[in-house]
Amino acid sequence: MKTVLVTGGAGFVGSHLALHLKAAHPSWRLLAMDNLHRRGSELNLARLAAGGVEFVHGDIRCKEDFPTVRVDALLECSAEPSVLAGTSGDPGYLIQSNLVGTLHCLELARRHGSDVVFLSSSRVYPVHHLRSLHLVETATRMELHDQQELAGVSPHGVSEAFPLDGPRTLYGATKLSSELMVTEYGDVFGLRTVINRCGVLAGPWQFGKQDQGFVALWVARHILGGALAYVGYGGQGKQVRDILHVLDLCDLVDRQLDRMEDVRGRTLNVGGGRAVSVSLLELTQACA
């Protein structure tokens, strides 16, 4: 029997992961820890209970809130995910949740010898480097030119070799800082860790906002009404992101837990890829 703790377990990604793993491995004990800070996360509690996942009401900023049972694997999914978080005032909650909270998770893993799967973000890549990429404009989107001056970028997208120097938003900075600590804990204390730099995620039970979960937001506004606008890149909606379905992420993490020796110490870009990409203009046309 394996005990798995999912932090941020009542959130969009965390709840899907906990339910997926419990369904795939009925003998495992799944604990979903969440402070229910994000509106809508409380709606996932009934789903978790129905799926046999135990809910732990706790905040990763508080070491005392963590369960005392031995944990074999820890999935760090908790985060303040907004790219605008902390920019209009005190960034304390962002930093305490996304960085200090991760350190508390790593301390629990150190004490228990737990495997660690850390969900990071493509936002670790610096904004000014991304803005300097050579683009080709088509009728509905911007494409990456096959000639680029930076390493780690091609028409297929951005790889893990992309430069990391420069600012990347406060949110991205907390995730990159946490990545560094995950790597150090793995090296110093012998923990088996893997870092997944997730791109745009989408799927059922996502409560989309302007700054996080734009696919769900776009669909909801078309169905329920409400304003939408193209921001940046000339206001034409031709900016492109690849989309990863949350259940594909669940499948990946399940495989990683089964093969931790194979992925140990690795940092991986996790996205839908060029074939599963969309511009805002194309998404608008699809929704219409």
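This passage describes the sheet of the predicted model and the helices that pack around it. Local features need pLDDT of at least 70 and side-chain atom pairs count only at pLDDT 80 or more, while totals for chains, interfaces and linings use all residues. Residues are numbered from 1 along each chain as its sequence is written, and side-chain values use heavy atoms, with hydrogens and water left out.

Seven strands form an open sheet in the order β3-β2-β1-β4-β5-β10-β13, with parallel pairing. Helices (H or I, at least four residues) and strands (E, at least two) are DSSP runs, numbered from the N terminus, and two strands pair if DSSP finds at least two bridges between them. At the edges, β3 (54-57) and β13 (266-270) each pair on one side only. From one strand to the next, the twist averages 20°. Within the sheet, β5 (residues 115-121) and β10 (residues 193-198) pair in the parallel sense over six bridges, and L119 stands opposite N196 in β10.

Turning to the helices, α3 (residues 92-112) lies across β1 (3-7), β4 (73-76) and β5, running at about 170° to β4. Axes are lines fitted to C-alpha atoms, for helices over the stretch in contact (heavy atoms within 4.5 Å), and angles run from 0 to 180 degrees between N-to-C directions. Helix α5 (residues 170-189) lies across β5, β10 and β13, at about 160° to β5.

Helices α1 (residues 12-24) and α7 (residues 246-258) also meet: their axes come within 9 Å and cross at roughly 55°. Residues of α1 including F12, L17 and L21 meet residues of α7, among them V246, L249 and L257.
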